[in-house]
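Me: I have a chain open here and would like to talk through how it holds together. Can we start with the inside and work outwards?

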Amino acid sequence: MTTESPGGPASGLVVVDKPADWTSHDVVARIRRLAGTRKVGHAGTLDPMATGVLVVGVNRATRLLGYVAGSDKEYLATIALGATTVTDDAQGDETGTADASSLSAEAVREAMLTLTGKIEQVPSAVSAIKVDGKRSYARVRSGEQVELAARAVEVSTFELLDFTPGTRAYAQVRVECSSGTYVRALARDLGASLGVGGHLTSLRRTRVGRFGLDRARTLDELAQSFEIVGLDDAARATFPGAELSEQQAQAVRFGRALPDLQLPPGAPVAMFAPDGSFLALYESAGAGARPVAVFV
C-alpha cells in the first residue's frame, strides 16, 4: 500500500473501513475530496447501518470495480430471532413478534445448514435492485408492495459464533458468500425456518475478495494519510496474472491479440510488463488471448 498526499494520488484502490450511518455514496463523496478527483466509485454498496470494508476506486482503477464487486465477501453479523421487520434489519418497523425462548444453539445451527451452499434467495424488498427502472427500496418507501424474484447465490460459510437465548434470542454469525447475497435475507429466512421470525441487528463486512480489514483505513485515518493500493498491486490482488516478454508487452500496449499466449478460461487475466507494471486485462480466445480492457 502506498501513501499519497491528499490532492492528487495516482490511480488505485482505497480500502475504507466504512463507519455506521454513512451511505456508500457519502464515502465516495469524501474520497473525492481527499483524492482531489471526481473519478471515484465503489465496489458494492454497504447499507448505512453496516460497517467495514468498502473498496473505492480512484481514477483508472474505477474500471476494476465491477470485477472487485463480483468477488466473494465475508461478514460478521448479529441476528435477532423473535421479530420481523419491514426492512429485514433493525432500521425498519417491526411487522411481527414471537417467543423465541424455546430455541437452542443446536436448533439454530441445524436451521443454518439449510441456508448454506448453493441456494435460491429472495432479496430483501428494501434493496438497491431496480424494478422497472426504479430502486426497490424507493418503491417500498413510497408504499408499494414489492416482490423480488429469487436468485441463485452461494453461501460457503454460515457459522454460529455465539448464541444468547431468550424471548428474543440473538445469534452472532460469520458469513462467507458470493456477490449478490443479502445477509439481511439470510437473517429473515433463518427466523422463518425456526418459526419465530428474524432480522439483522448489526453487520460488519470483513473482506471483499482479497481486501480485508487489515488493509482498511477509517476516513479519519485517510484524511491524515491517504493510503491507496496502486493500480499494479490492485490488479495483482484481484486477478490471476501473466508475466509478459517485452515483445508481448508492446503488443498489449496497443491492444493487440496474442495468438500464442495460453490463458485459463473464465475470469480475465492481468497482463504485466517485465518491469511489473499492469498493462491490461486479457481473456482466453481459442489458442491465444484477446484484450478485455487496456489500462495504458
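**Core, helix and charged pairs**

Reply: Gladly, and bear in mind that this is a predicted model. The largest nonpolar core contains 48 residues, and those with the most contacts inside it are I31, L81, F158 and L190.

Me: What does I31 touch, leaving aside its neighbours within four places in sequence?

Reply: With those neighbours set aside, I31 is in contact with V14, V16, G36, V40, V56 and V58, and also with L219, L222 and F226. There is in addition a second, separate core of 25 residues, which includes F211, L231, A234 and A235.

Me: Ok, on to A61. Where does it lie?

Reply: A61 lies in the loop between strand β4 (51-58) and helix α2 (65-69).

Me: And is A61 buried or exposed?

Reply: A61 counts as buried, because its relative accessibility is 0%.

Me: What does A61 touch, not counting residues up to four places away?

Reply: The residues A61 touches are S11, G12, L13 and L231, and L231 is also one of the residues of the second core. As for G12, it sits 49 residues from A61 along the chain, yet the C-alpha atoms of the two are separated by 5.0 Å.

Me: Switching to α3, which residues are buried there?

Reply: In helix α3, which spans residues 105-113, the buried residues are A105, V108, A111 and M112. Seen down the axis of α3, these buried residues fall within an arc of 125 degrees, so they line one face of the helix.

Me: Why would residues three or four places apart point the same way in an α-helix?

Reply: An α-helix has 3.6 residues a turn, so residues with that spacing point the same way.

Me: What does the face of α3 turned away from the buried side carry, and what covers the buried residues?

Reply: The face turned away from the buried side of α3 carries the exposed residues E106, E110 and L113. What covers the buried residues of α3 includes the strands β5 (73-81), β11 (151-164) and β12 (169-177), together with helix α5 (183-194).

Me: Now the charges. How many salt bridges does a search of the whole structure find?

Reply: The search finds 14 salt bridges. In one of them R204 pairs with D17, and their closest N and O atoms are 2.8 Å apart. R204 lies in strand β13 (residues 198-208) and D17 in strand β2 (residues 12-18), so this pair ties together parts that are 187 residues apart in sequence.

Me: How accessible are R204 and D17?

Reply: R204 counts as partly exposed, at 27% relative accessibility, whereas D17 counts as buried, at 17%.

Me: What about E176, which residue does it form a salt bridge with?

Reply: E176 forms a salt bridge with R207, where the closest N and O atoms are 3.1 Å apart. That pair links distant parts of the chain, with E176 in strand β12 and R207 in strand β13, 31 residues apart. E176 counts as buried at 19% relative accessibility, and R207 is buried as well, with a relative accessible area of 17%.

Me: And E283, what does it pair with?

Reply: E283 forms a salt bridge with R290, and the closest N and O atoms are 2.8 Å apart. E283 counts as partly exposed at 24% relative accessibility, and R290 is partly exposed too, with a relative accessible area of 43%.

Me: Which residues are joined into one network by salt bridges that share partners?

Reply: The network joins D72, E74, E159, R174, E176 and R207.

Methods: Residues are numbered from 1 along each chain as its sequence is written. This is a predicted model: local features need pLDDT of at least 70, side-chain atom pairs count only at pLDDT 80 or more; totals for chains, interfaces and linings use all residues. Side-chain values use heavy atoms; hydrogens and water are left out. A nonpolar core is a set of buried Ala, Val, Leu, Ile, Met, Phe, Trp, Tyr and Cys residues joined through side-chain atoms within 4.5 Å. Buried means under 20% relative accessible area, exposed over 50%, partly exposed in between (1.4 Å probe, protein chains only). Contact means heavy atoms within 4.5 Å. Helices (H or I, at least four residues) and strands (E, at least two) are DSSP runs, numbered from the N terminus. The arc is that of the directions from the helix axis to the C-beta atoms. A salt bridge is a side-chain nitrogen of Lys or Arg within 4 Å of a carboxyl oxygen of Asp or Glu.
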